[in-house]
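Trainee: I am new to this structure. Please take me through one part of it closely, and then show me its surroundings.

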Amino acid sequence: MSSFALRARTATVDGLDVFYREAGDPANPTLVLLHGFPSSSHMYRGLIAELADSYHLVAPDHIGFGASAAPAVEDFAYGFEKLTEITLGLLDRLGVERFALYIQDYGAPIGLRIASRHPERVTALVTQSGNAYLEGFTPFWDVLFAHARDRAAHEPAVRELLTAEATRWQYTHGVPADRLDRISPETWTLDQAGLDRPGNKEIQLQLFWDYQFNLDGYQAFQEYFRTHRPPLLAVWGRNDEIFGPAGAEAFARDLPDAEIHLLDAGHFALETHGEEIAALVRDFLGRHAK
């Protein structure tokens with residue numbers, strides 16, 4: 001499929017505009033792509049174009065991100081439970097009953113809530129720095145977990161994660177020198193434009209604080225893995241300093257058949273290793289997403 005065939009659409013869910021990118025024939029197996037912080041469905045633009053000849057792709061922007069609605073923190077209960085509810089509402093609105101999930105960063109606690117609560121709907125899982133184990137957390141998280149315990153004391157340090165320098169670092173850290181030229185500057189520029197909107201930093205601070213409650217769900221996620229044995233592919237940057245490679249390897253504890261690939265990449269591995277990831281995903285979904 002040509003990348004020009006990608007559709008940019010908006011649906012109303014619970015009174016809010018949810019933007020999503022869609023491509024491919026809805027009669028084909030569906031892959032739902034859930035992005036992380038501080039990105040949007042833009043991170044999946046290349047993968048969507050690569051897979052849309054054989055799959056139906058749906059990639060939403062979470063509320064507060066990208067082109068979706070971003071109500072003020074006083075007007076919307078920002079948290080991963082609510083983002084999960086909105087995501088399910090979108091899929092129901094689109095009539096997407098069964099689907100594989102591609103999860104990255106924030107997309108993981110959203111997607112794994114969906115999968116563990118509705119296992120009959122999920123055919124397979126692809127995780128790219130989409131964490132479900134304590135082993136995945138690195139020292140990067142120390143300030144965030146300190147913020148969860150005492151917001152006021154640690155907010156100045158956490159606000160540093162919302163700066164242009166920090167956003168660019170998320171894209172460039174851990175990337176081999178010979179692949180840095182694959183990262184287009186509009187990636188971090190677009191993400192930073194979202195963060196710099198009036199009120200958006202307060203949204204992100206609320207989600208930072210709420211992240212602690214995702215860990216309470218890990219037991220249920222891992223029980224889902226053991227009980228339902230979903231096919232799982234991990235395509236993970238081995239140099240990711242946000243969710244370390246131990247987080248990818250941990251899936252094998254509950255899913256012995258998990259296919260785990262550690263790439264010479266950082267947190268946004270699709271930007272630098274898109275061809276390799278697309279080939280792995282195509283092969284994996286060809287065997288499991290029916």
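Mentor: Here is a close look at one residue, Gln128, followed by the sheet and a helix.

This is a predicted model. Start with Gln128. Gln128 sits in a loop, between strand 6 (122–127) and helix 4 (142–149). Is Gln128 buried or exposed? Its relative accessible area is 0%. The cut-off for buried is under 20%, so Gln128 counts as buried.

Now look at the side chain. Gln128 and Tyr102 are joined there by a polar contact of 2.7 Å. Tyr102 is also one of the contacts of Gln128 beyond four places in sequence. Others among them are Met43, Ile103, Gln104, Asp105 and Val235. His267, Phe268, Ala269 and Leu270 are in contact with Gln128 too.

Next, the sheet. It is open and has eight strands, with mixed pairing. Their order is 1-2-4-3-5-6-7-8. Strand 1 (7–13) and strand 8 (259–263) are the edges. Each has a single partner strand, so one side of each lacks a neighbour in the sheet. On average, neighbouring strands are turned by 20° against each other, direction ignored.

Take one pair from inside that order. Strand 3 (residues 30–34) and strand 4 (residues 56–60) run parallel, joined by three bridges. Leu31 has Leu57 of strand 4 as its bridge partner.

Last, the helix. Helix 12 (residues 269–288) lies across strand 3, strand 5 (99–103), strand 6, strand 7 (232–237) and strand 8. Helix 12 runs at about 170° to strand 7.

Key:
Residues numbered from 1 in each chain as written. Predicted model: local features only at pLDDT ≥ 70, side-chain atom pairs only at ≥ 80, totals over all residues. Heavy atoms only, no water. Helix = DSSP H or I, 4+ residues; strand = E, 2+ residues; numbered from the N terminus. Buried < 20%, exposed > 50% of the residue type's maximum accessible area, 1.4 Å probe, protein only. Polar contact = N/O pair within 3.5 Å; in protein donor to acceptor, adjacent residues only side chain to side chain. Contact = heavy atoms within 4.5 Å. Pairing = 2+ DSSP bridges. Axes fitted to C-alpha atoms, helices over the stretch in contact; angles between N-to-C directions.
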